[in-house]
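Here's a quick tour for anyone meeting this structure cold. Have a look at the picture first, then read on.

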Amino acid sequence: MSDQLRFILVGFFGGVILLFVGYYFLLVPRYWRRMREVTEAEREVEETRKELQARRKEIAVEAKEEAHQLRKEVERENRERRQELQRTERRLNQREENLERRTEALEKRDRAVQDKEADLTRLRDMAQRERAMWRQELESVAALTMEEARRVVLAEAEKEARHEAAMLLEQIEEETKREADRKAREVITLAIQRCAVDQVAETTVAAVALPSDEMKGRIIGREGRNIRAFEQLTGVDLIIDDTPEAVVISAFDPIRRETARIALEALISDGRIHPGRIEDAVKKAQAQMDERIQQAGDHATFETGVTGLHPALVRLLGKMKFRTSLGQNALDHSIEVANIAGVMAAELEANEAVARRAGLLHDIGKAVDYEVEGTHTAIGVELARRHRESAEVVHAIAAHHEDEPFRSIEAVLVYSADGISAARPGARRETLESYIKRLDRLEEIAQACDGVERCFAIQAGREVRILVKPNEVDDAMAAALAKEVADKIEESDLEYPGQIRVTVIRETRAVEYAK
């Protein structure tokens, strides 16, 4: 047992010793590492403290320098302010001295003025006494009082002033009229030169040539079935008479007439004419006409530079390609009016876009005036309003035949451009009967005036020359007579292009014979 106990004790103490040795080898390195870390931390703290002290010294130095700099700037500003105050004080002193000198000068001048006023008062009194004396002497010599003399002088002066004012007013009116006429000629000439077209008059041909007279029988068909089918499908009257190698298409609607012409030419070219073939040809002709109408409308908007029109209005413009008025193509006339109005608006610094748009649409009612009751002006106004055109454009359309008073310069320009386009040589044709009626009407209007001996309508009705009775009409009455005849022509229902010149001729002859 003693050996076992000894062994246990040795084992126990050996374990304790090993425990202490293990603990020493485990804790001592930690201890020394901890001590080194503490030492390093203390060293870093010390370095940081030293850096903070150095930085504190640097900040103090910088603060002292900034304070010194600020002190210098404040001192400089104070010096400048003191100098400025000194200069201001000197200026104020100088102004005060100047004011004192001016005050003294004004006082001297005031005393001088008072002295002069006193002298003037004495002179005025003396002049009044002398004027009264001279007035008494003049009244006694002229046998007129002062009021009567004043009235006479004023009446003469007023008469002379009125005469000079009338002469000056007449001169100004003549100069203004000459300048206005010159400017108007320049603007209109420029517009016409820039917008002149090669051809403004067209004639819608309703006759269709035939290769031979045998074609007439084929067009009529057995028992007239072909011609009946053609007339029923196209809505026109086909006139087949004794005219050699030609048939005539008659229809009030120009679109139908043109469609029928295209269809008939296609049938004649093909040679096969029967109701089925006629129906196919008419359908193709209608499709071709629709395409031509759309192309004509698009071309018109492109030529005039008008954009944003409603498609329905563009199509109506295309229909006007087949509408004529006194031989003048309605669409070509509208394009010309739009261009002329646009050029004149640009020259006069008016609204060129409105002028062009209204000029292009001013006769839009003619596209459907054979379908709708009313004048083409009223129809055009309704169409423009329905398709949301501006109020300026609608007014210009309504006023282009003076159905409404002009409220804008663009309306006046459209009216003028319409007259220019219609009055150009070759633009329109008129029958001999209407031409003679216009001449007779002009002579009748002039002959109805008092004092007229004879009158003649010359230059194709563009001038009326009136010979008056010299014993009844003097020179002043001749001018009044010319104005009276011109007013009567304007007030009459006579339609004429452009303007009519009225010339009154008064001649007095004195004849004696020497024997």
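Is Glu-223 buried or exposed? Glu-223 is exposed, because its relative accessible area is 72% and anything over 50% counts as exposed. Keep in mind that this is a predicted model. The notes below start with Glu-223 and another residue with a positive phi, then move on to a small sheet and two helix pairs.

**Residues with a positive phi**

- Some background first: most residues other than glycine have a negative phi.
- Glu-223 goes the other way, with a positive phi of about 55 degrees, even though it isn't a glycine.
- You'll find Glu-223 in the loop that runs between helix H3 (214–220) and helix H4 (225–234).
- Arg-388 isn't a glycine either, and its phi is positive at about 60 degrees.
- Arg-388 sits in the loop between helix H10 (376–386) and helix H11 (391–399).
- Arg-388 counts as exposed, because its relative accessibility is 78% and the cut-off for exposed is over 50%.

**The sheet**

- Strands of a sheet pair through backbone hydrogen bonds, in either a parallel or an antiparallel way.
- Here, three strands make an open sheet, lined up as S1-S3-S2, and the pairing is antiparallel.
- Strand S1 (207–209) and strand S2 (237–239) are at the edges with a single partner strand each, so each has one side without a neighbour in the sheet.
- On average, neighbouring strands in this sheet are turned by 25 degrees against each other, ignoring direction.
- S1 and S3 are joined in the antiparallel sense by three bridges, and Ala-207 stands opposite Val-248 in S3.
- S2 and strand S3 (residues 246–250) also pair in the antiparallel sense, over three bridges.
- Across from Ile-239 you'll again meet Val-248 in S3, while Asp-237 faces Ser-250 in S3.
- S2 and S3 form a hairpin with six residues between the strands, and there Glu-245 takes a positive phi near 55 degrees.

**H6 against H8**

- Helix H6 (residues 275–304) packs on helix H8 (residues 330–347) at an angle of about 20 degrees, and their axes are 9 Å apart.
- That angle makes H6 roughly parallel to H8, because angles under 35 degrees fall in that class.
- The crossing of H6 and H8 is right-handed.
- On the H6 side, the contact uses Ala-296, Ala-300, Glu-303 and Thr-304, and on the H8 side it uses Leu-331, Ile-335, Ala-338 and Asn-339.
- Sorted by class, the residues in this contact of H6 with H8 are five nonpolar, two polar and one charged.

**H8 against H9**

- The axes of H8 and helix H9 (residues 352–361) come within 7 Å and cross at roughly 160 degrees.
- H8 is therefore roughly antiparallel to H9, since angles over 145 degrees count that way.
- H8 and H9 also make a right-handed crossing.
- From H8, the contact includes Ser-334, Val-337, Ala-341 and Gly-342, and H9 brings residues including Glu-352, Arg-356 and Leu-360.
- The contact of H8 with H9 has nine nonpolar, four polar and two charged residues.
- Ile-335, Ala-338 and Asn-339 of H8 take part in the contact with H6, and they are among the H8 residues that touch H9.

Definitions and conventions
Residues numbered from 1 in each chain as written. Predicted model: local features only at pLDDT ≥ 70, side-chain atom pairs only at ≥ 80, totals over all residues. Heavy atoms only, no water. Pairing = 2+ DSSP bridges. Helix = DSSP H or I, 4+ residues; strand = E, 2+ residues; numbered from the N terminus. Axes fitted to C-alpha atoms, helices over the stretch in contact; angles between N-to-C directions. Parallel < 35°, antiparallel > 145°, perpendicular 65-115°, else oblique. Left-handed = near helix turned anticlockwise from the far one by under 90°. Contact = heavy atoms within 4.5 Å. Nonpolar A, V, L, I, M, F, W, Y, C, P; charged D, E, K, R; others polar. Buried < 20%, exposed > 50% of the residue type's maximum accessible area, 1.4 Å probe, protein only.
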